[in-house]
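Morning, everyone. Please pull up the structure and keep the sequence beside it. I'll take a few places one by one.

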Amino acid sequence: QLVENKVNVYDTGIFNSAGCGYDGSGMVVAVLDTGLDSKHTAFSPDNFTSTHLGLTYDDVASLVEKTTAYDLLKGITVDDVYINEKVPFGFDYADKDPDPYSTHNNHGTHVSGVIVGNYLEHIEAEDYTGEFVGVAPNAQVAAMKIFSDVMDTARSSWILSALEDCVILGVDVINMSLGTSC
């Protein structure tokens with residue numbers, strides 16, 4: 001006998017959570033990866049409809065001096081690490097700066113989009129036409145860049161620093177899709 005797994009997915013292959021009563025509101029997902037293109041429309045506060053925030057500007061302001069990020073770059077303020085309501089925290093632990101944007105790898109942006117993205121404009125790319133919605137489009141994302149722009153690796157100290165800040169910030173979920181080729 002065959003077992004069927006009927007799952008409601010978008011054309012992108014991402015689980016369609018619409019109608020399940022869960023959209024991520026009030027949740028913060030930390031993505032420890034190559035970084036985030038926080039200017040991408042999928043992470044725009046204009047496409048973010050949650051009224052219940054897991055991390056506010058004031059929350060980050062009260063915690064920033066307790067973070068490992070602050071220890072790595074003395075003097076950073078909430079205005080350095082708070083990007084917007086959708087991305088309330090971003091830091092590059094590898095290159096020790098408050099810009100989580102990667103100059104050469106968009107894997108972290110892709111992963112973040114699958115989890116919390118919400119791209120409401122019409123997309124026409126390769127074989128796909130449609131809108132892009134992540135699994136939890138009303139969750140916030142903390143962009144924890146743990147891969148350097150100048151070397152192709154993530155050191156344990158960078159990963160551990162980001163994990164410590166996840167605890168300090170009180171994130172709800174930590175995603176690390178780390179790996180290496182054989």
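Start with one contact. The side chain of Ser44 has a polar atom 3.0 Å from the backbone nitrogen of Asp46. Keep in mind that this is a predicted model. Where does Ser44 lie? Look at the loop between strand S1 (28-33) and helix H1 (57-63). Is Ser44 buried or exposed? The relative accessible area of Ser44 is 17%, and buried means under 20%, so Ser44 is buried.

Now the inside. The largest nonpolar core has 27 residues. Leu32, Phe89, Tyr93 and Met144 have the most contacts inside this core. Which elements each supply at least two residues? They are S1, H1, helix H2 (68-72), helix H3 (78-81), strand S2 (89-92), strand S5 (140-145) and helix H5 (156-169). H5 gives the most, with 5 residues.

Click on Met144. Leaving out residues up to four places away in sequence, Met144 touches a list of residues that includes Leu32, Phe89 and Tyr93. Also among them are Ala162, Asp165, Cys166 and Leu169.

A separate core lies apart from this one. That other core has 15 residues, including Val111, Ile115, Val116 and Phe132.

Last stop, a pocket. The second largest pocket holds about 250 Å³ of space. It is lined by 16 residues. Which of them are closest to the centre? Asp33, Thr34, Asn105, Phe147 and Gly179. By type, the lining splits into 9 polar, 4 charged and 3 nonpolar residues.

That's my tour. Over to you.

Terms used: Residues numbered from 1 in each chain as written. Predicted model: local features only at pLDDT ≥ 70, side-chain atom pairs only at ≥ 80, totals over all residues. Heavy atoms only, no water. 1 Å grid on protein atoms, 1.4 Å probe; cavity = no way out; pocket = protein on both sides within 12 Å on 5 of 7 lines; lining within 4 Å. Points joined across faces, edges and corners; volume = space filled by probe spheres on them. Nonpolar A, V, L, I, M, F, W, Y, C, P; charged D, E, K, R; others polar. Helix = DSSP H or I, 4+ residues; strand = E, 2+ residues; numbered from the N terminus. Buried < 20%, exposed > 50% of the residue type's maximum accessible area, 1.4 Å probe, protein only. Polar contact = N/O pair within 3.5 Å; in protein donor to acceptor, adjacent residues only side chain to side chain. Core = buried A, V, L, I, M, F, W, Y, C linked by side-chain atoms within 4.5 Å. Contact = heavy atoms within 4.5 Å.
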